[in-house]
Amino acid sequence: RGSGRISSYGLTADKCHEYHSIDHAWLRRKKQLIVGRYSTLTWSRGGTKTGSIRIECFSGGVRLVYKTRSPGGEWRDVAEFVPFVETPTRFGGRRQWFKCLSCSRHCRILYGGSYFRCRRCHRLKYETQSEPPFARVTLAAASEGDLRAA
């Protein structure tokens, strides 16, 4: 954590990939969002476990059960209920999202810090948002070249 471009506040802008995350679409694909199901997500880096969380699924949302601490502080147990929000799709269906407990926005991915919240509440940036403009153009040109070659 903490690597990246300097933000407009003079502080380092943290990136999404540097945080533990819970992806609603991934959980759905893995059949972890079935009412009554309990599962544990574990994160690791370089073969070393960096965290875990218990997810309990209910009809209206998920309960996240985990431990957190501030640097050098004592561990605290956290159990919070994250509700689901549904939005209509173009052809009459419904899409389900997490509802951020801080800002009430709907989001697909929750990111962990002391608490699991949306990207904006954690002030996280995507990797590409910290690239200089010339790098974005170079990447776009390279990917267009790949498409033409295929």
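# Salt bridges, rings and a buried aspartate

A search of the whole of this predicted model finds six salt bridges.

Visitor: Which pattern does the chain follow when read along the sequence?
Guide: The secondary structure consists of two helices and nine strands. Taken in sequence order, these elements give the pattern β-α-β-β-β-β-β-β-β-β-α.

Visitor: What percentage of the 150 residues in the chain is buried?
Guide: A residue counts as buried when its relative accessible area is under 20%. In this chain of 150 residues, the buried share is 30%.

Visitor: Which residues are joined into one network by salt bridges that share partners?
Guide: Side chains of opposite charge can pair when their charged atoms come close. Glu56 forms a salt bridge with Arg54, with the closest N and O atoms 3.0 Å apart, and Glu56 also meets Arg63 in a salt bridge at 3.2 Å, N to O. Glu80 forms a salt bridge with Arg117, at 3.1 Å between the closest N and O atoms. The network formed through shared partners consists of Arg54, Glu56 and Arg63.

Visitor: Is Glu56 buried or exposed?
Guide: Two partners of Glu56 may be considered beforehand: Arg54 is partly exposed, with a relative accessible area of 35%, and Arg63 is partly exposed at 29%. The relative accessibility of Glu56 is 12%. Because buried means under 20%, Glu56 counts as buried.

Visitor: How many residues apart in sequence are the parts that Glu80 and Arg117 tie together?
Guide: Glu80 and Arg117 form a salt bridge, the closest N and O atoms being 3.1 Å apart. Glu80 lies in strand β5 (residues 76-88) and Arg117 in strand β9, so the pair ties together parts whose separation in sequence is 37 residues.

Visitor: Why is the pair of Trp43 and Phe116 stacked?
Guide: The structure holds four aromatic pairs. In the pair of Trp43 and Phe116, the ring centres are 6.0 Å apart and the planes lie at 20°. Planes under 30 degrees apart count as stacked, so the answer rests on the angle of 20°.

Visitor: Which residues form one aromatic cluster?
Guide: Trp43 in strand β2 (residues 38-45) and Phe116 in strand β9 (residues 116-117) are 73 residues apart, and their pair links distant parts of the chain. Trp43 counts as buried at 15% relative accessibility, and Phe116 counts as buried at 5%. The cluster consists of Trp43, Tyr66 and Phe116.

Visitor: With which side chain does the side chain of Asp23 make a polar contact?
Guide: Asp23 is placed in strand β1 (residues 21-23) and counts as buried at 16% relative accessibility. The side chain of Asp23 reaches the backbone nitrogen of Ala25 at 2.9 Å. Leaving aside neighbours within four places in sequence, Asp23 is in contact with Phe98, Arg108 and Ile109. The polar contact between side chains, at 2.8 Å, is with Arg108.

Visitor: How far apart in space are Ser21 and Gly112, C-alpha to C-alpha?
Guide: Ser21 is found in strand β1 and counts as partly exposed at 28% relative accessibility. Not counting residues up to four places away in sequence, Ser21 touches Trp43, Ile109, Leu110 and Tyr111. Ser21 and Gly112 are 91 residues apart in sequence, while their C-alpha to C-alpha separation in space is 6.0 Å.

Technical notes. Residues numbered from 1 in each chain as written. Predicted model: local features only at pLDDT ≥ 70, side-chain atom pairs only at ≥ 80, totals over all residues. Heavy atoms only, no water. Helix = DSSP H or I, 4+ residues; strand = E, 2+ residues; numbered from the N terminus. Buried < 20%, exposed > 50% of the residue type's maximum accessible area, 1.4 Å probe, protein only. Polar contact = N/O pair within 3.5 Å; in protein donor to acceptor, adjacent residues only side chain to side chain. Contact = heavy atoms within 4.5 Å. Phe/Tyr/Trp six-rings, centres within 6.5 Å; stacked < 30°, edge-to-face > 60°. Salt bridge = Lys/Arg side-chain N within 4 Å of Asp/Glu carboxyl O.
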